[in-house]
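Grab the model and work through a few short exercises. Each one has a task, then a solution in steps.

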Amino acid sequence: MEKIVRFGEDYHDKFNTQAYLESYLSDLSREVIMFPLPYIHQFYQSFDSEKDLKILDIGSGPSIVNSISAAPYSSEIVLSEYTESNREALRQWLEKDPKAHDWTLFFKHIVVDIEGGEEKDVAVREKELRSSIKAIVPCDVTKDPLLPTEFMEEYDVLSSTLCLGCACKSVADYNAALKRFFQLLKPGGKMFIYDLERNTEFSHPAMYKVGNEFFNDIRLSKELITKALENAGFINIERVASEFKTQKLFPDHDCWPVIYTAVKQLV
């Protein structure tokens with residue numbers, strides 16, 4: 001039986017946030033989730049003594065994991081997400097709702113194991129992150145404006161993890177989205193993107209599974225991503241690819257987790 005692949009607006013009523021959290025973020029076993037975490041820490045370390053960064057995270061999903069290392073360097077963090085149920089999951093954690101997902105394992109792993117902190121620093125970081133989060137807002141990387149008008153400003157840092165490949169239906173959409181990202185960065189601002197590269201010679205659809213539903217994930221190669229970043233105007237493009245493939249997560253589709261960092265040139 002042919003799989004039904006979901007796109008765009010399907011996320012509003014077909015994406016099961018709880019199933020996603022349970023499948024991908026209930027423990028530390030998912031390599032595709034764990035791989036970028038040390039690199040996110042290194043990325044923010046590169047800002048050295050800067051502690052007042054305005055940070056925009058695009059396509060946060062229901063997760064605050066990728067902002068944990070950002071908190072000590074930020075004056076404010078804006079989390080943005082397309083799907084309302086995912087935004088609600090973020091709000092639950094921010095407001096200490098008893099129904100909120102438990103991120104303790106990730107805080108301990110990042111603060112203690114990756115950053116070299118102590119157990120007592122974990123609670124401090126949780127408080128620090130909650131204080132840094134300025135807003136949780138809707139976003140749509142395929143449309144203008146990408147964010148609510150009041151948040152369409154320039155940021156010091158833009159981050160996006162496992163978002164663009166899922167949100168875009170085509171390479172043209174992907175190119176257009178990166179141009180939108182470029183406009184949201186200050187001159188000299190830095191971007192951190194984490195996504196999946198795939199074999200573009202395959203003709204069958206790429207997808208990922210949440211609960212009983214399959215969601216689109218376009219085929220992006222190193223060449224396609226690099227060209228899209230250059231065409232958008234980014235410079236100092238750097239790439240780090242993992243040494244493992246993710247067939248267990250994405251059956252029948254070779255894909256490689258990969259990180260790109262880039263800079264918006266100073267005027």
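## Exercise 1: Helix 2

Helix 3, helix 5 and strand 7 (207-210) are among the elements that cover the buried residues of helix 2. Before going on, note that this is a predicted model, where local features need pLDDT of at least 70, side-chain atom pairs count only at pLDDT 80 or more, and totals for chains, interfaces and linings use all residues. Residues are numbered from 1 along each chain as its sequence is written, and side-chain values use heavy atoms, with hydrogens and water left out.

Task: find which residues of helix 2 are buried, and what caps its N-terminal end.

Step 1. Helices (H or I, at least four residues) and strands (E, at least two) are DSSP runs, numbered from the N terminus; helix 2 covers residues 17-24.

Step 2. Pick out the buried ones (under 20% relative accessible area, 1.4 Å probe, protein chains only): T17, A19, Y20, L21 and Y24.

Step 3. Look at the start of the helix. The cap is N16, with a side-chain oxygen 3.1 Å from the backbone nitrogen of Q18.

## Exercise 2: S60

Task: decide whether S60 is buried or exposed, and list what it touches.

Step 1. Locate S60 in the loop between strand 2 (53-58) and strand 3 (74-81).

Step 2. S60 counts as buried because its relative accessibility is 8%.

Step 3. Check contacts (heavy atoms within 4.5 Å). Skipping neighbours within four places in sequence, S60 touches L79, S80, E81 and L90.

Step 4. Add the side-chain partner: S60 and D57 are joined by a polar contact of 2.6 Å. Such a contact is a pair of N or O atoms within 3.5 Å; within protein, one must be able to donate a hydrogen and the other to accept it, and residues adjacent in sequence count only if both atoms are side-chain atoms.

## Exercise 3: Helix 6

Task: work out which helices the buried residues of helix 6 pack against.

Step 1. In helix 6 (residues 104-114), the buried set is F106, F107, H109, I110, V111 and I114.

Step 2. Their packing partners are helix 3 (31-34), helix 4 (37-45), helix 5 (84-94) and helix 7 (120-132).

Step 3. Move past the end of the helix: G116 follows, with a positive phi near 80°.

## Exercise 4: W256

Task: place W256 and classify its exposure.

Step 1. W256 sits in strand 10 (residues 255-264).

Step 2. Its relative accessibility is 24%, so W256 counts as partly exposed.

Step 3. Now compare sequence with space: W256 and A241 are 15 residues apart in sequence, with a C-alpha to C-alpha distance of 6.9 Å.

Methods. Buried < 20%, exposed > 50% of the residue type's maximum accessible area, 1.4 Å probe, protein only.
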